[in-house]
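Welcome, and thanks for opening this one up. Please load the structure in your viewer and keep the sequence alongside, and we can take a walk through it together.

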Amino acid sequence: MNNFYFYIPTKVYFGKNQVEKLPGCIREFGNRVLLVYGKDSIKKNGIYNDVVSQLKKSDIFFIELSGVDPNPRISTVREGARVCKENNIQIVLGVGGGSVIDCSKAIAAASKYDGDPWDIWAKKAEPKKALPVGAVITLAATASEMNKNSVISNPDTEEKKGFGHDMLIPKFAIMDPAYTVTVPKRPTAAGIADIMSHVFEYYFIEVPGATLQDEFCEGVLRTVIKYGKQAIDEPANYEARANLLWAGSMALNGVSSRGKLFDGLLHSLEHALSALYDISHGEGLALIIPYWMDAALSEKTMHRFARYARNIWNIQEPDDMTAAKRGIEQTSKFYKQLGLPQKLSDLGIPFDRFEDIAAKSMRGDTTGNLIVFTKADVVKFLERMK
Ligand code: NZQ
Ligand code: ZN
């Protein structure tokens, strides 16, 4: 097992009616709140009323910033930082999916930074301070409620970039699975693919001795597949939503991954697609994953892919290469069943900017770790997904 650093300061309140804990959580940091949310989902499903009534009954002052887009924009971050600075805000509270929580973290950092916030995501500046962040998560996918990442898009430069810092890890997370029952089929399915991708980014690179991490990864995958399908078929099933929500956190809060190696190709390529075409993160990943698995399968990796096929999809096949191929087919079939895209054209992505997509997906001269792609390799890979 590799050496690692592990830090999660998030107080998690998981289960029904946990929103009642909100005032106590907030008061540890002050009583002036920026309440950040997306479009209208939290107003339609009652979460907005729950949150606001808790704030009002505890005399907590709050200002609202609504309209955060899926793939949150740097313009929203600028606006949020301005509001925080002008109103002496003490804590940023995000109520929504990963986009809202990521945007809340970005606002928290930007409100303590004097330059243009995009400097932080463009890696031109490292913020030294940030406001504390709290999360009421409403969608199982990113684990943003328990991690340090904030992914922000800049349509002017056609970039989508991540920044992570310990000070941005939410101080608390209210995780009520009942808040996720209204997530429609499409974002539920996208969330399932995203959670699985977070595991895949670590699982397929074998690290000798990282036994517990591999077991965690497989547990998360089996849970997401079982309960994800159930949540799609029976959206109001509380146990299905609860397992999906907690599995999402475990996939990217470090529990399943510390001590392993990160691949990164799935996310660097998906972020490039989202940057150019504003697609759903999870849908982009669902498209890429089976092609990536195919590309990564070799004599060297077949043992791990066969383990995946047997332990996740229960494929009883003694030959490693055959089992591995069947595991990949099963993955693709599962995404198809969930209504997830199979080709670039399913996402409305034209075929005229493969060079740009490839350039944006590079981390230096290459991208990936399980398989290492140059720009030319990414272009060829995109050709396969037409
Ligand atoms: O805008 P609202 O009304 O909030 O509607 C949202 C949005 O349309 C809706 N929704 C959320 N909760 C709902 C609901 N609808 C009904 N009932 C509810 N309870 O779902 C739609 C998608 O929401 P979004 O927050 O965009 O989804 P997700 O959680 O998948 O977040 C995606 C963003 O997170 C980034 C992605 O790149 C993308 O920008 N990521 C963040 C990561 C992190 N912080 O660690 C890691 C990920 O790999 C990812 O990159
Ligand atoms: Zn992701």
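## Around the ligand

Let's begin with a polar contact: in the side chain of Lys160, an N or O atom sits 2.7 Å from an oxygen atom of ligand 1. Bear in mind as we go that this is a predicted model. Ser99 offers another such pair, with a side-chain N or O atom 2.6 Å from an oxygen atom of ligand 1. A further one involves His281, where the distance from a side-chain N or O atom to a ligand oxygen is 3.0 Å. How much of the ligand does the protein bury? On its own, ligand 1 exposes 970 Å², and 88% of that is buried by the protein.

Now widen the view to the whole shell. There are 31 residues around ligand 1, and those that come nearest are Gly98, Ser99, Asp102, Thr138 and Lys160. Sorted by class, the shell holds 17 polar residues, nine nonpolar ones and five charged ones. Which elements supply them? At least two residues each come from α5 (98-110), β6 (149-154), α7 and α10 (265-277). The largest share belongs to α5, with three residues.

## From the shell to a helix pair

Helix α7, which we just met as a supplier of shell residues, also leads us to another part of the model. Spanning residues 185-203, α7 packs with helix α9 (residues 238-252) at an angle of about 35°, and their axes are 9 Å apart. The crossing in which α7 passes α9 is left-handed. To find the contact in your viewer, select Thr188, Ile192, Ile195, His198, Val199 and Tyr202 on the α7 side. On the α9 side, the partners are Arg241, Leu244, Ala247, Gly248, Ala251 and Leu252. What is the make-up of this contact by class? Eight of its residues are nonpolar, three are polar and one is charged.

## Two backbone angles to look at

Before you close the viewer, have a look at two loops. The loop between β1 (11-14) and α1 (22-27) contains Asn17. Although Asn17 is not a glycine, its phi is positive, at about 60°. Glu158 also has a positive phi, near 55°, and is likewise a residue other than glycine. Where is Glu158 placed? You will find Glu158 in the loop between β6 and β7 (159-164). That brings us back to β6, one of the elements that supply at least two residues of the shell around ligand 1.

Key:
Residues numbered from 1 in each chain as written. Chains lettered and ligands numbered in written order. Predicted model: local features only at pLDDT ≥ 70, side-chain atom pairs only at ≥ 80, totals over all residues. Heavy atoms only, no water. Axes fitted to C-alpha atoms, helices over the stretch in contact; angles between N-to-C directions. Helix = DSSP H or I, 4+ residues; strand = E, 2+ residues; numbered from the N terminus. Left-handed = near helix turned anticlockwise from the far one by under 90°. Contact = heavy atoms within 4.5 Å. Nonpolar A, V, L, I, M, F, W, Y, C, P; charged D, E, K, R; others polar. Near = heavy atom within 4 Å. Polar contact = N/O pair within 3.5 Å; in protein donor to acceptor, adjacent residues only side chain to side chain. Areas by Shrake-Rupley, 256 points an atom, 1.4 Å probe, with all protein chains shown as cover.
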